[in-house]
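Me: Could you walk me through this one? I'd like to know what each label rests on.

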Amino acid sequence: MDGQERKHRILMVSDFFFPNFGGVESHIYYLSQCLLKLGHKVVVMTHAYGKRSGVRYVTGGLKVYYVPWKPFLMQNTLPTLFLTFPIVRAILIREKISVVHGHQAFSTLCHEALMHARTMGYKVVFTDHSLYGFADAGSIHMNKVLQFTLADIDQAICVSHTSKENTVLRSGISPQKVFMVPNAVDTAMFTPSPERLSCDEIVIVVISRLVYRKGADLLVEVIPEVCRLFPKVRFIVGGDGPKRVRLEEMREKFSLQDRVEMLGAVPHAQVRSVLISGHIFLNSSLTEAFCIAILEAASCGLLTVSTRVGGVPEVLPDDMIVLAQPAPEDMVQAVKKAIDMLPGIDPQLMHLRMKKLYSWDDVAKRTEIVYDRAMQSPKTDLLERLPRYLTCGAWAGKLFCLVMIINYLLWCLLEYLQPTEGIEEVPDIGPIHAHLESVDDLCETQGN
Amino acid sequence: MEQERKGVVSSGMYTYNHHSDSGFDIHEIFVKTSRSRVLLSYIGVVFLLANVCQPLLSKEGLSSSSVWSITFGILVAKCLQYKPVKKESVVIMPTFGVQLEIHFWSGKVHRRFVPIGKILKPLLNECVTPVTCYWSLALLLRDEEELMLVFQKSHPPVKMLVPVWKALCKFLNSEYLANSSVSKPECPEHD
């Protein structure tokens with residue numbers, strides 16, 4: 001076991017990273033920071049965001065490559081299949097990467113980078129953050145792409161057991177290759193309010209994107225009913241989206257302007273201050289692989305009411321969450337149960353329990369085990385890997401084989417045009433400190 | 001005219017040469033271009049001129065094919081603005097500034113002078129393009145929004161850029177020291 005103490009050099013690839021805010025973005029950021037603390041080297045690759053292009057260093061010396069490929073749809077890079085090969089190859093060689101870790105099935109840059117890394121013989125790991133369906137056209141195509149990527153993956157990670165089941169069914173990958181490593185929450189940032197809120201008026205907080213997937217339509221049914229049954233209850237709704245109009249209409253229709261407060265989009269830094277102003281957190285998502293939002297709420301000492309969908313039942317212990325079917329009547333019953341439970345809830349105790357249950361350091365240690373396992377997988381060449389793609393389907397299998405053969409030929413061409421020796425390796429720059437020799441000389445001469 | 005050879009490093013397409021000449025510190029990067037490439041580029045220019053002149057001289061009038069050939073000729077001329085570079089050099093002149101020179105195979109020399117007061121800091125920068133990533137040496141200038149590239153036409157490897165960067169840093173620090181000792185005459189003497 002001690003022989004596996006060696007440090008990895010990891011490339012995280014995704015279309016979704018800072019300055020975007022979201023579950024995948026914060027997962028990559030926190031995981032990278034904790035891996036850096038463990039002594040590994042982490043580099044992140046993503047596409048350029050507006051003028052933010054080139055190499056940037058963020059906290060802790062985390063190096064980020066903002067590659068100047070413009071996003072074309074929903075923050076995704078244009079899928080060119082082969083055109084990203086030169087830059088991916090340049091980054092892999094100059095940073096001396098050992099493992100490539102892709103995030104999110106919806107990210108085209110991730111799939112392309114994993115394909116190129118695999119062709120070049122690097123070990124690849126993939127993390128799936130979302131649940132997807134099986135029936136509609138978009139899902140069918142997305143699942144085919146996922147099958148292609150996961151046909152030849154070393155290890156995969158899912159954020160909940162439900163997500164693991166979903167990924168295995170969608171992609172046909174062997175379950176032994178899939179690890180379950182949950183997300184976590186930054187408990188240092190999400191602390192409860194120092195004074196307990198009085199229970200005279202009960203405040204229910206909702207913070208989510210107001211879209212169909214997040215159950216905004218359910219909210220439109222639930223809020224007026226709860227307000228009618230419980231005169232002491234007030235709502236705070238944070239977030240923005242296409243369904244905001246429906247919520248505003250609901251407010252007008254039932255004259256709930258003084259009982260439902262709409263905050264609009266809440267910047268990530270202010271989420272905690274909104275959460276600590278409430279007693280109960282309401283999550284009405286119609287599908288969730290994990291749901292970091294309820295972790296944040298529990299860390300702030302709020303009791304959670306949520307729909308029983310996806311991976312949500314796996315996230316919190318039963319005394320911290322009340323689950324309901326995604327139907328208005330059930331949700332109203334759950335809110336009633338939560339209001340009755342409220343006097344017995346101690347926010348500080350809840351926060352301390354969350355600190356023990358979830359931490360990003362734990363996630364990083366578990367991910368390290370996945371990397372160790374990935375490094376142990378045997379080296380394979382192109383001829384051994386091609387049959388794995390043939391299992392993807394009658395026509396798709398042959399198409400995928402063709403794509404990989406073309407990719408391999410492209411790699412040979414790049415090796416000829418720009419040999420590996422011509423790509424210089426980058427020196428590791430540690431945490432920022434004065435390292436100019438002439439500055440030291442300057443200090444010496446001034447001190448003399 | 002004392003010349004002092006300080007170092008020669010050669011790698012792939014580029015050769016780095018460092019020598020000092022009557023007080024000036026000179027760093028040169030030679031670009032290895034084979035003679036045949038230079039010759040081919042001149043032949044290319046001749047063909048281009050012939051291609052453009054032929055429809056004009058044949059007195060057929062401007063037909064669509066001649067318009068096409070002229071347009072094509074202009075496009076190729078744009079691409080062929082490839083003036084083969086023989087060497088790029090950095091001449092550090094103490095108390096004056098830095099002179100950046102590009103010597104072409106045709107014998108032309110393009111010079112830019114940057115006075116010492118204009119330079120804030122020399123930087124080693126990683127440049128990311130859609131297809132590759134490379135190191136470049138640039139000067140951060142006062143009151144200017146854009147960085148000035150020291151080696152404009154060539155991309156030498158970083159091991160050749162580092163000694164030039166160190167020399168520029170040393171040059172700037174010595175100037176800073178000289179200025180600070182001049183501007184603070186009332187400081188007590190240290191022994």
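Below, the labels are taken one by one and set against their cut-offs.

Reply: Sure. Keep in mind that this is a predicted model.

Me: Why is Ser180(B) called buried?

Reply: Its relative accessible area is 17%, and buried means under 20%, so Ser180(B) gets the label. Ser180(B) sits in helix 3 (residues 158-183) of chain B.

Me: What makes the reach of the Ser180(B) side chain to Leu177(B) a polar contact?

Reply: The side chain of Ser180(B) comes to 2.9 Å from the backbone oxygen of Leu177(B). The cut-off for a pair of N or O atoms is within 3.5 Å, so that distance fits.

Me: What makes Glu126(B) and Arg94(A) a salt bridge?

Reply: The N to O distance between their side chains is 2.5 Å. The rule asks for a Lys or Arg side-chain nitrogen within 4 Å of an Asp or Glu carboxyl oxygen, so this pair passes. Across the interface of chain A and chain B, the rule finds 2 salt bridges.

Me: Which elements give two or more residues to the side of chain A that touches chain B?

Reply: Those are strand 3 (54-58), strand 4 (62-67), helix 2 and helix 15 (437-447) of chain A. Helix 15 of chain A has the largest share, with 5 residues. By type, this side of chain A splits into 15 nonpolar, 5 polar and 4 charged residues.

Me: How is the size of an interface often given?

Reply: As the accessible area lost when the parts come together. Chain A and chain B bury about 1800 Å² between them, with 61% of that on carbon and sulfur atoms. In residues, 24 of chain A are in contact with 20 of chain B. There are also 5 residue pairs in polar contact between the two chains.

Me: What makes helix 2 of chain A "mostly covered"?

Reply: Of its 10 residues (85-94), 10 are buried. Among them are Phe85(A), Ile91(A) and Arg94(A). Just after this helix, Lys96(A) takes a positive phi of about 55°.

Me: Why is strand 3 of chain B said to be largely enclosed by the rest of the structure?

Reply: Because 6 of its 8 residues (24-31) are buried. For chain B as a whole, 39% of the 191 residues count as buried.

Me: How do you know that strand 3 of chain B pairs with strand 2 and strand 4 of chain B?

Reply: Pairing takes at least two bridges. Strand 2 (residues 14-21) of chain B joins strand 3 over 8 bridges, and strand 4 (residues 85-93) of chain B joins strand 3 over 6, so both pairs qualify. Both are antiparallel. Tyr16(B) has Ile29(B) as its bridge partner, while Asp25(B) has Ile92(B). Strands 2 and 3 of chain B form a hairpin with 2 residues between them, and Ser22(B) in the turn has a positive phi of about 45°.

Me: What makes strand 7 and strand 9 of chain B edge strands?

Reply: Each pairs on one side only. They belong to an open, antiparallel sheet of 3 strands in the order 7-8-9. Strand 7 of chain B meets strand 8 (residues 133-141) of chain B over 9 bridges, and Asn125(B) stands opposite Ser136(B).

Me: How many helices and strands does chain B have?

Reply: Chain B has 3 helices and 9 strands. From the N terminus they run β-β-β-α-α-β-β-β-β-β-β-α.

Key:
Residues numbered from 1 in each chain as written. Chains lettered and ligands numbered in written order. Predicted model: local features only at pLDDT ≥ 70, side-chain atom pairs only at ≥ 80, totals over all residues. Heavy atoms only, no water. Buried < 20%, exposed > 50% of the residue type's maximum accessible area, 1.4 Å probe, protein only. Helix = DSSP H or I, 4+ residues; strand = E, 2+ residues; numbered from the N terminus. Contact = heavy atoms within 4.5 Å. Buried area = accessible area lost by both parts, 1.4 Å probe. Polar contact = N/O pair within 3.5 Å; in protein donor to acceptor, adjacent residues only side chain to side chain. Nonpolar A, V, L, I, M, F, W, Y, C, P; charged D, E, K, R; others polar.
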